[in-house]
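Open the model in a viewer and keep the sequence panel visible. The tour below moves from one selection to the next.

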Amino acid sequence: MPPVGRGGKASKKNAGVLVIGLGRFGSAIATTLDRLGQDVLAVERNPELVAQWAGRIPLVEADAANPDALEQLGAQDFGSAVVGVGSYLEASVLITGNLVDLGTPQIWAKAISSEHARILQRIGAHHVVLPEADAGARVAHLVSGKMLDYIEVEDGFTIVKMRPPRETQGFTIEQSKIRDRYGVTVIGVKSPGREFVYAEPTTRISANDLLIVSGHADLLERFAARP
């Protein structure tokens with residue numbers, strides 16, 4: 001079961017990322033990791049997808065639902081694995097279970113529903129991702145106000161990129177009293193044609209600036225809703 005195209009398995013134990021499934025989710029992860037210079041190996045059982053990606057990323061044709069196939073390609077030597085076959089529930093569960101049995105330190109698995117996510121968590125996946133639900137929630141925040149990007153970190157704590165409300169324009173952060181009034185913190189400011197700078201009390205906000213702001217999601221929504 002030799003690798004197709006360039007690359008191979010990780011060169012040392014607990015190194016590299018194994019990406020199983022080359023649908024849109026898995027292929028995006030594999031190509032990005034490869035572009036960043038990470039040690040990555042993609043696994044795909046569909047010959048058509050294998051032919052499509054051969055030579056573009058390190059790749060092997062195999063059925064990861066078969067534990068013997070995973071052992072043969074050296075899955076036990078990878079530090080992280082991504083299970084990107086969420087649309088096929090049985091295969092998703094079998095592959096995740098196989099990786100758990102192999103003792104993979106970090107398992108990221110794609111789910112297509114909350115029920116699917118609970119199953120993956122129960123059998124031992126360390127991180128479960130619901131791409132469509134997460135993207136839908138993110139877009140909902142973006143279309144509702146001045147937010148240009150939205151990342152929820154944990155327990156409601158969120159970081160956003162946004163346009164400044166009119167009441168802050170022309171004033172320094174200290175003068176605007178943003179934290180006192182809205183309970184959020186301006187982390188940095190990006191002015192047109194200038195590099196990003198970390199915010200200080202004396203940093204002045206202009207109408208065309210972009211703000212990086214952190215805080216609880218509800219408070220950020222309130223701040224971003226200001227005219």
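Start by selecting L18 and L41: L18 stands opposite L41, which lies in β2. The model is a predicted one, so read each stop as a description of computed coordinates.

Next, widen the selection to the two strands around that pair. Strand β1 covers residues 17-20 and is joined to β2 by four bridges, the two strands running parallel. In general, strands of a sheet pair through backbone hydrogen bonds, either parallel or antiparallel.

Now keep β2 alone, residues 40-44. How many of its five residues are buried? Five of the five are, and the strand is mostly covered. Show the side chains: V40, A42 and E44 point one way from β2, while L41 and V43 point the other way. E44 is buried along with the other four. Side chains in a regular strand alternate between the two faces of the sheet.

Move on to the open sheet of five strands. Select β7, β8, β11, β9 and β10, which is their order in the sheet, and note that the pairing is antiparallel. The edges are β7 (147-154) and β10 (197-198), each pairing on one side only.

At the β10 edge, add β9, residues 185-190. Two bridges join β9 to β10, and the two run antiparallel. To find one bridge, pick V189 and V197: V197, in β10, is the bridge partner of V189.

Then go to K177, in the loop between α7 (173-176) and α8 (178-182). What is the sign of phi at K177? The value is positive, near 50 degrees, and the residue is not glycine. Most residues other than glycine have a negative phi. Is K177 buried or partly exposed? K177 counts as partly exposed because its relative accessibility is 43%, which lies between the cut-offs of 20% and 50%.

Finally, clear the selection and view the whole chain. It has nine helices and eleven strands. Along the principal axes, its C-alpha atoms fill a box of roughly 65 × 35 × 30 Å. The radius of gyration is 22 Å, whereas a compact globule of 227 residues would have one near 17 Å. Of those 227 residues, 40% count as buried. Among contacts between residues at least 6 apart in sequence, 58% join residues at least 24 apart.

Two surface views close the tour. The chain exposes about 12300 Å², with carbon and sulfur atoms supplying 51% of it. Colour by charge to see the 24 positive and 26 negative charges, whose mean positions are 10 Å apart.

Technical notes. Residues numbered from 1 in each chain as written. Predicted model: local features only at pLDDT ≥ 70, side-chain atom pairs only at ≥ 80, totals over all residues. Heavy atoms only, no water. Rg over C-alpha atoms; globule rule 2.2 N^0.38 Å. Buried < 20%, exposed > 50% of the residue type's maximum accessible area, 1.4 Å probe, protein only. Contact = heavy atoms within 4.5 Å. Areas by Shrake-Rupley, 256 points an atom, 1.4 Å probe, with all protein chains shown as cover. Lys, Arg positive; Asp, Glu negative; His and termini not counted. Charge placed at Lys NZ, Arg CZ, Asp CG, Glu CD. Pairing = 2+ DSSP bridges.
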